[in-house]
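Reader: Please take me closely through the side-chain pairings in this model, ring against ring and charge against charge, together with the surroundings of the residues involved. I would like each term to come with its cut-offs, so that I can check the geometry myself.

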Amino acid sequence: MPAIPLACRFLAALSAIAVLCASHGSLAQNGPTPQPEPVPVTPGQAEQVTTEQWAIHGQTTFTWQLQPGFRSPYQGAQSLPPDANGRETWDATVYLGFRPWQGAEIWFNPEADQGFGLGDSFGVAGYLSGEAYKLGQAEPYYRMARAFFRQTIDLGGETQKLDPDLNQLGGTQTANRVVLTAGKLSVVDIFDTNKYAHDPRGDFLNWSILDVGSFDYAADAWGSTYGAAAEWYQDRYAARAGLFDLSSVPNSTALSLPLLHQTQFVAELEERHTLWDQPGKIKVMYWLSRGNLGTYTDALALAYATGTTPSTAAVRNYRSKYGVGFNLEQQILPDLGLFLKGGWSQGGVEEVDFTDINASVATGLSLAGTRWGRPDDTVGLAGVINQISAVGSHYLAAGGLGGIIGDGALFKSGPEEILETYYSFAAFSWAKVTADYQFVNNPAYNQQRGPVSVFALRLHAEF
């Protein structure tokens with residue numbers, strides 16, 4: 001895919017957003033999720049807060065990645081290509097929201113996308129770009145990324161101010177509240193969020209750093225689904241539960257029909273605290289999927305009996321897959337934050353809608369540029385270790401293909417180890433330029449391929 005057309009499209013969108021920014025104010029700091037933290041206010045201050053009735057926001061992001069050549073004695077159908085190559089992705093989103101009545105919001109996110117991930121989004125379980133989907137197109141195409149309804153029911157406690165943001169109308173809410181959300185959205189808009197590592201347009205790029213790598217969350221090939229969730233906030237705790245639609249076939253563009261015929265249930269508990277006079281959160285999560293899925297054991301048994309290559313698609317049946325997750329975010333100093341996340345999923349059942357990881361641990365730091373006079377800049381450093389189950393490793397060694405990995409063989413397996421660092425430079429109040437580097441050891445759990453280095457340049461603007 002030529003780089004010039006994509007760059008031109010980004011610059012054109014950037015110019016248009018610059019004009020809009022002149023009349024709409026400054027850039028919000030984060031991507032679509034999570035929204036900025038609410039700010040406690042006094043009753044007098046609350047009376048001065050304007051409740052937005054409608055809003056229009058927008059963003060555009062161009063991401064270019066370069067992968068130099070690396071050692072590869074062999075490769076398969078879903079391997080990361082060993083030759084040096086570069087790929088670009090571009091997207092532009094409009095966020096249209098209005099308030100039909102008190103506490104309610106309706107949002108539509110029409111989006112245009114274009115481009116491809118490295119290796120067509122194959123070859124690394126902790127994939128390399130959250131801006132790349134499981135499919136790509138050379139020409140721009142349109143989709144409705146999100147369309148959802150949200151109702152907030154105040155239950156008392158201190159009053160909090162909500163700043164206008166992407167998919168969030170400005171106004172107030174109470175600390176104790178119930179929030180109901182339904183429609184087309186991403187599961188990780190609500191669950192598994194983390195202020196330091198969750199937004200591929202603003203912080204890290206690697207899938208298994210942005211989200212718990214083993215969280216096989218329900219989604220189509222773009223990461224969205226239909227479903228509903230309820231959240232209850234009380235004092236320093238929150239509880240969430242949701243029900244979402246799986247894809248019709250693992251990793252497909254279509255969701256299952258009728259809706260919720262194949263489903264995923266997600267529950268999460270959150271505790272908010274102050275440690276060393278700094279705020280932090282701890283979250284624990286459980287999820288359970290019920291769908292038409294195959295197991296590695298059945299696929300290996302059929303392949304042995306028929307003398308064929310194992311395939312989970314050939315042994316699918318209606319069954320369950322479950323997992324747990326842990327997520328910590330902790331501010332250490334006003335300009336320095338720490339995150340730690342990890343999870344485990346049932347190892348015998350194939351990957352459904354995310355990626356081929358059964359256990360994952362990630363940790364990292366996020367530092368604002370206040371100390372060198374650039375408070376809107378951010379430096380991030382993170383590491384993650386991913387692992388697939390023993391039977392999953394046997395399946396790959398026999399030539400089986402996972403959701404996004406499969407080298408045709410796996411003679412010597414090992415944990416996939418990834419290091420990522422980035423510097424986000426605030427070029428303007430509404431635009432940021434980010435340089436990113438990832439080092440991948442044992443890509444797709446294969447000790448005979450790699451290590452791999454990946455360089456990235458990300459241009460992002462929003463209003």
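Author: A residue is called buried under 20% relative accessible area, exposed over 50% and partly exposed in between, with a 1.4 Å probe and protein chains only. The model is predicted, so that local features need pLDDT of at least 70 and side-chain atom pairs count only at pLDDT 80 or more, while totals for chains, interfaces and linings use all residues. Residues are numbered from 1 along each chain as its sequence is written, and side-chain values use heavy atoms, with hydrogens and water left out.

I begin with the rings. Searching the whole structure gives 16 aromatic pairs, a pair being two rings of Phe, Tyr or Trp (its six-membered ring) with centres within 6.5 Å, called stacked when the planes are under 30 degrees apart, edge-to-face when over 60 and tilted for the rest. One of these pairs joins Y74 and F411, whose ring centres are 5.2 Å apart and whose planes stand at 75 degrees, so the pair is edge-to-face. The two residues come from distant parts of the chain, 337 residues apart: Y74 is in the loop between strand 2 (54–67) and strand 3 (85–98), and F411 is in the loop between helix 5 (390–397) and strand 15 (416–428). Helices (H or I, at least four residues) and strands (E, at least two) are DSSP runs numbered from the N terminus. Y74 counts as buried, at 17% relative accessibility, whereas F411, at 63%, is exposed.

A second pair, W207 with F354, has ring centres 5.6 Å apart and planes at 15 degrees, so this pair is stacked. W207 belongs to helix 3 (residues 207–210) and F354 to the loop between strand 12 (336–345) and strand 13 (359–369), so parts 147 residues apart in sequence are tied together. Both W207 and F354 are buried, and they belong to one aromatic cluster with Y127, F215, Y217 and W287.

The charged pairs come next. Across the whole structure there are 23 salt bridges, each defined as a side-chain nitrogen of Lys or Arg within 4 Å of a carboxyl oxygen of Asp or Glu. R201 and D91 form one of them, at 3.6 Å from N to O. This bridge spans 110 residues, from R201 in the loop between strand 6 (171–185) and helix 3 to D91 in strand 3, and both residues are buried. Another bridge, between D189 and R146, has an N to O distance of 2.6 Å. Since D189 is in the loop between strand 6 and helix 3 and R146 is in strand 5 (residues 137–162), the bridge ties together parts 43 residues apart in sequence; D189 and R146 are both buried.

The bridge of E350 with R316 brings the closest N and O atoms to 2.8 Å. E350 sits in the loop between strand 12 and strand 13, and R316 in the loop between helix 4 (296–306) and strand 11 (317–333), so this pair connects parts 34 residues apart in sequence. E350 is buried, with a relative accessible area of 4%, while R316, at 25%, is partly exposed. Elsewhere, salt bridges that share partners join D91, E111, D113, E131, R143 and R201 into one network.

E350 also leads to T312, since the side chains of these two residues are joined by a polar contact of 2.8 Å. Such a contact is a pair of N or O atoms within 3.5 Å; within protein, one must be able to donate a hydrogen and the other to accept it, and residues adjacent in sequence count only if both atoms are side-chain atoms. T312 lies in the loop between helix 4 and strand 11 and, at 5% relative accessibility, counts as buried. Residues up to four places away in sequence aside, T312 touches G294, T295, Y296, A299, E350 and Y395, contact meaning heavy atoms within 4.5 Å.

A last buried residue is Q65 in strand 2, at 3% relative accessibility. The side chain of Q65 reaches the backbone oxygen of L128 at 3.0 Å, and the contacts of Q65 beyond four places in sequence include N85, R87, L205 and F455. Between the C-alpha atoms of Q65 and D436, which are 371 residues apart along the chain, the distance is 8.9 Å.
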